[in-house]
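Me: I am new to this structure and would like a close look at a single part of it. Could you choose one helix, go through it with care, and then show me the chain around it?

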Amino acid sequence: MTISKMLLGAASLALVAGVAQANSHMAETSDKRIALSNNYAGNSWRQAMLQTFKETGEEAVSDGMVAAADAYTTSENQATEQAAQIQNMILQGYDAIVLNAASPTALNGAVKEACDAGVTVVSFDGIVTEPCAWRIAVDFAAMGKEQVDYLATRLPEGGNLLEIRGLAGVFVDDEISKGIHEGVAENDQFEIVGSVHGDWAQDVAQKAVAGILPSLPQVVGVVTQGGDGYGTAQAFKAAGRDTPLIVLGNRQDELQWWADQRDASDYETLSLSIAPGVASLAFWVAQQILAGEDVPKDLTVPFLKITQDSLDDALASTPEGSVANVSYALDDAKQVIADAK
Amino acid sequence: MTPLNLLAKPWIWSWLAASAAFGLTLGLTSGRGAGELAYAALSFGAFAAIVGLGQMLVITLGPGNVDLSIPATMTLAATLALKAMSSNPGTAFLGLGIALGVGVAAGLANYALIFLLRLPPIIATLAASLVYQSFAIWSNRGLRIKPPAGLADFATGRFLGLPNVAWVGLALAIVVWVVLERTVWGRMLLATGQNLRVARLAGVPVELVRATTYVLVAVFASLAGYLLASFSGGAALNMGAEYLLMSIAVVVIGGTSIAGGNSNVPGVWGAALFMFLVVSMLNSYGAGAGVRNVLTGTIIIAIVIAASTRRVRA
């Protein structure tokens, strides 16, 4: 842990030197202040996100890359409250706002005000549609489709699938589900025989699956959205059914369960989700924009995939009860920017 | 008791609705999986029943009395208990003690806000819940710690064919019923809910009754949180979220008067089973989230109307 941090620190120091020499035309950002506007903190993913942003920000400040990197979270997960928070940030004179938004559209007015005041706005995860802001988006539909494509390689015979959805009415839930249904349309040996909302929470998923299982025929695979795989497995176990192939979502308890099943019965699956560290990527992208770099408005971040081979490493590096994470460095941001050009 | 008398009981409607949802779900499978579904309903219904019993006592206190801090109390109690146990065997009772202690503290804090600052209970408990939730975030940063193996086995296990958590919920329901129907404290609670001023003039220590009720609801919530976290493999920061509306819904569907002064213990259990079964039924029939919410809402309104009209005629 400490070694990797030192390496990271050394790498970013080297980068600072490199940047200073190679891009002498780029503006200095050491007096710039960046704020994180976050709408929700009530789950392990968001906690890991805030932690990563804090670490990245503190390091950047001590390295003299920026003057401040402060995180603010609203208490009620409401767009009105977050809009007021953004207006405060404008008044406080931040140079850039890194934004995980409560709504893709409801914050557009506040975001426009920020742009008009000369503040750079970079949205990520929960992105905003206002054209003046930058967007670091995850291709959620591809994430859903990849699950079905993976199942097709493992279960060429096909069979019945159970779909665990997220929180009803949220953009991310619709996108992942759309991808899953596209995947099933292409792989017609599969049929989705049941669909429940697990709200990205293990206990909710466990309850929903326990309720629908008695009415389902044999299920060979479960497609999920993350944070719901462990609860699903528990519900199958409680019902005395064979454990199907459950695609997981990078939570530590899911990975631990996977490792236990692998050791006991050679269980094999795939786990994928967005790394909470995407906040650090957004931070560096904002820094690059402030430095005068020409950055396209729409960027894509790859999702973090864990396979049978990388399971042990992922499990070792994930704190107990948390979620698998990667922290993005400045050169990762540069790579993502270069890919988008 | 004639069937007509039975229909006049407000609690019968939640049990009828639960049976109908059960029957309709099994209609889809032509009877297969009946035991499985009943077992799941009893397991998950137990958590709703436990928080519902607490909420019922508070609502019985009369108009304006409600505890909105239930989800945060559940989360805080479960988080602190599981952190203290840190998966070590033999610590189940230590964890239980901590959870119940959190419940007592939260209940006293809620009542202090209501009594000392004269805040309406809705505002006081909502504000307090933000504090409890923040404590839960601050104390463990959302990390899920596994319960000790023995405790997890108890929470997911069964006795005489019924889930252990359902036995706990059933025992609590009987205790609450006896207390309400057969003890002086229960009578004082009902009197306070029917008319606060009359009760006070009649010599009922109304503030003491209110204080113990707010402590009881928080203790029930913390017990539910402790059991739920042990059942589902750890405490999560959002674990209590769905129990806010759930706790109020099971009270209302169960036939307890929202105006206070009239409790209904069997109805709470019927409604808790119904809330699980109706979602299972709509999921089994493949209803989307929108349709499911609309239908659930409509059915709840129908049951409440049925229960209240019958009472007026009777």
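Reply: What follows looks at one helix of chain A and then widens to the chain and its contact with chain B. Please keep in mind throughout that this is a predicted model.

The helix is α3 of chain A, which runs over residues 79-91. At 1.5 Å a residue, its 13 residues should span 18 Å, and the C-alpha atoms at its two ends are 19 Å apart, so the expected and computed lengths agree. Its buried residues are Gln82(A), Ala83(A), Gln85(A), Ile86(A) and Met89(A). When one looks down the axis of α3(A), these buried residues fall within an arc of 160 degrees, and therefore they line one face of the helix. The general background is that an α-helix has 3.6 residues a turn, so residues three or four places apart point the same way. As for what that face meets, the buried residues of α3(A) pack against three strands of chain A, namely β1 (33-38), β2 (68-73) and β3 (96-100), and also against the helix α4 (108-116) of chain A. After α3(A) comes Gly93(A), which has a positive phi, near 80 degrees.

Turning from the helix to its surroundings, chain A contains 12 helices and 12 strands, and 52% of its 341 residues count as buried. Its C-alpha trace spans about 65 × 45 × 35 Å along the principal axes, while its radius of gyration is 21 Å, which agrees with the value near 20 Å that a compact globule of 341 residues would have. Among the contacts in chain A with a separation of 6 or more, 75% are between residues 24 or more positions apart. The chain is divided into domain 1, made up of 2-138 + 275-302 + 324-340, and domain 2, which covers 140-273; the C-alpha centres of these two domains of chain A lie 32 Å apart.

Finally, there is the contact between the two chains, to which chain A brings 33 residues and chain B brings 31 residues. On the side of chain A that touches chain B, at least two residues each come from α2 (44-62), β7 (190-197), α7 (202-212) and α8 (229-238) of chain A. Of the elements on that side, α7(A) gives the most, with nine residues. Sorted by class, the side of chain A that touches chain B has 14 nonpolar, 15 polar and four charged residues.

Key: Residues numbered from 1 in each chain as written. Chains lettered and ligands numbered in written order. Predicted model: local features only at pLDDT ≥ 70, side-chain atom pairs only at ≥ 80, totals over all residues. Helix = DSSP H or I, 4+ residues; strand = E, 2+ residues; numbered from the N terminus. Expected span 1.5 Å × (residues − 1). Buried ≥ 20, exposed ≤ 12 C-beta atoms within 10 Å, placed from the backbone. Arc of directions from axis to C-beta. Contact = placed C-beta atoms within 7 Å. Nonpolar A, V, L, I, M, F, W, Y, C, P; charged D, E, K, R; others polar. Rg over C-alpha atoms; globule rule 2.2 N^0.38 Å. Domains from an automatic or database assignment.
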